[in-house]
Amino acid sequence: MKERLQKILAQAGICSRRAAEELIRAGQVTVDGKVVTEMGLKVDLKTQKITAKGQPVGFSEKKMYVLLNKPEGYVTTLSDPQGRPIVTELLKKVPERLFPVGRLDFDTKGALILTNDGDLAQRVQHPSFEVNKTYVARVTGKPSAAQLTRLEEGLEVDGHLTAPATLKLRKSSPKESVFEITIHEGRKRQVRNMFSAIGHEVTELTRISYGNLHLGSLKPGKFRFLSKSDIARIFTKEKKSPPARGRGKAKGTPPATKKRKNSGK
Ligand code: URA
């Protein structure tokens, strides 16, 4: 059956559909020996020969999903011009070629899903599904209640208004504070840039969950396979508990209740 080239590349576990479009645009994909840069060409993997980055593309029926505890010092791309370690090097025992769902910075650690299921990767990242991601952020100093309200309500970062965030204070001293922050957007360095925009730098960042799928006790550098019920948890929202600062740890305004006008997407 004929399918769009970028869909075939994603289903074959080469990369996400978005990254496949970039590969095609960059002239790194061939069909029957010819470079294809046209978007949306329909091809049949059973009868046509496709290569991506010089490698033959084969269809894998077996969908696989893993949750990795990414250590700091790894990139989440499939190759790195600077020769830095790549997350897939931690999955040598996995028989299928998997790609990361979304990204984590080189210096961010924690939960990273990898799969060869392009459709799932798209759903997790598509803004309409609003998959929550929760991070533990260690930041410099002690943000004021007014600054935290700005983070909760949405603030301008790189010309975009961020969607509302949920914050829980884990601990705080004049020197540094530790927050749990939940957001559903996934712009580059989003959490770091959000805290930076209120004048507090993130010194350590760990993603601890996607929706209701938690990293739990998985050790850094280790992974586990995900079951169907694990996958369903990604799309299940956590029950909200009141923010810690609302329970009297940090004095100030009550948590944000205002509606945001601009979605920023
Ligand atoms: N926000 C960041 O700043 N970095 C990440 O890696 C993920 C979210």
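## Cavity

A cavity is a set of grid points where a 1.4 Å probe fits but cannot get out. In this predicted model, a search of the whole structure for cavities of 30 Å³ or more finds one. The largest cavity holds about 30 Å³ of space.

The residues that line the largest cavity are Phe129, Glu130, Val131, Asn132, Gly211, Ile234, Phe235, Thr236 and Lys237. Sorted by class, this lining has four nonpolar residues, three polar residues and two charged residues.

## Ligand surroundings

Around the ligand stand Leu104, Asp105, Thr108, Tyr135, Arg189, Gln190, Val191, Arg192 and Leu205. This shell divides into four nonpolar, two polar and three charged residues. Helix α5, which covers residues 190-197, gives the most to the shell, with three residues.

## Ligand contacts

Asp105 approaches the ligand through its side chain: an N or O atom there is 2.6 Å from a nitrogen atom of the ligand. Gln190 and Val191 take part through their backbones. For Gln190, a backbone N or O atom lies 3.3 Å from an oxygen atom of the ligand. For Val191, a backbone N or O atom lies 3.1 Å from a nitrogen atom of the ligand. Taken alone, the ligand exposes 240 Å², and the protein buries 95% of that area.

## Four-stranded sheet

Four strands form an open sheet in the order β3-β2-β5-β6, and their pairing is antiparallel. At the edges are β3 (34-35) and β6 (55-56), each of which pairs on one side only.

Within this sheet, strand β2 (residues 29-31) runs antiparallel to β3, and two bridges join them. One residue pair can be named here: Val31 has Lys34, in β3, as its bridge partner.

## Hairpin β13-β14

Strands β13 (residues 166-172) and β14 (residues 176-183) are paired in the antiparallel sense, with six bridges between them. The connection from β13 to β14 is a hairpin through three residues. Ser172 stands opposite Ser177 in β14.

## Summary

The ligand has 95% of its 240 Å² buried by the protein, and its shell includes Asp105, Gln190 and Val191. The search for cavities of 30 Å³ or more gives one, with a lining that includes Phe129 and Lys237. Antiparallel pairing is found in the open sheet β3-β2-β5-β6 and between β13 and β14.

Definitions and conventions:
Residues numbered from 1 in each chain as written. Predicted model: local features only at pLDDT ≥ 70, side-chain atom pairs only at ≥ 80, totals over all residues. Heavy atoms only, no water. Pairing = 2+ DSSP bridges. 1 Å grid on protein atoms, 1.4 Å probe; cavity = no way out; pocket = protein on both sides within 12 Å on 5 of 7 lines; lining within 4 Å. Points joined across faces, edges and corners; volume = space filled by probe spheres on them. Nonpolar A, V, L, I, M, F, W, Y, C, P; charged D, E, K, R; others polar. Near = heavy atom within 4 Å. Polar contact = N/O pair within 3.5 Å; in protein donor to acceptor, adjacent residues only side chain to side chain. Areas by Shrake-Rupley, 256 points an atom, 1.4 Å probe, with all protein chains shown as cover.
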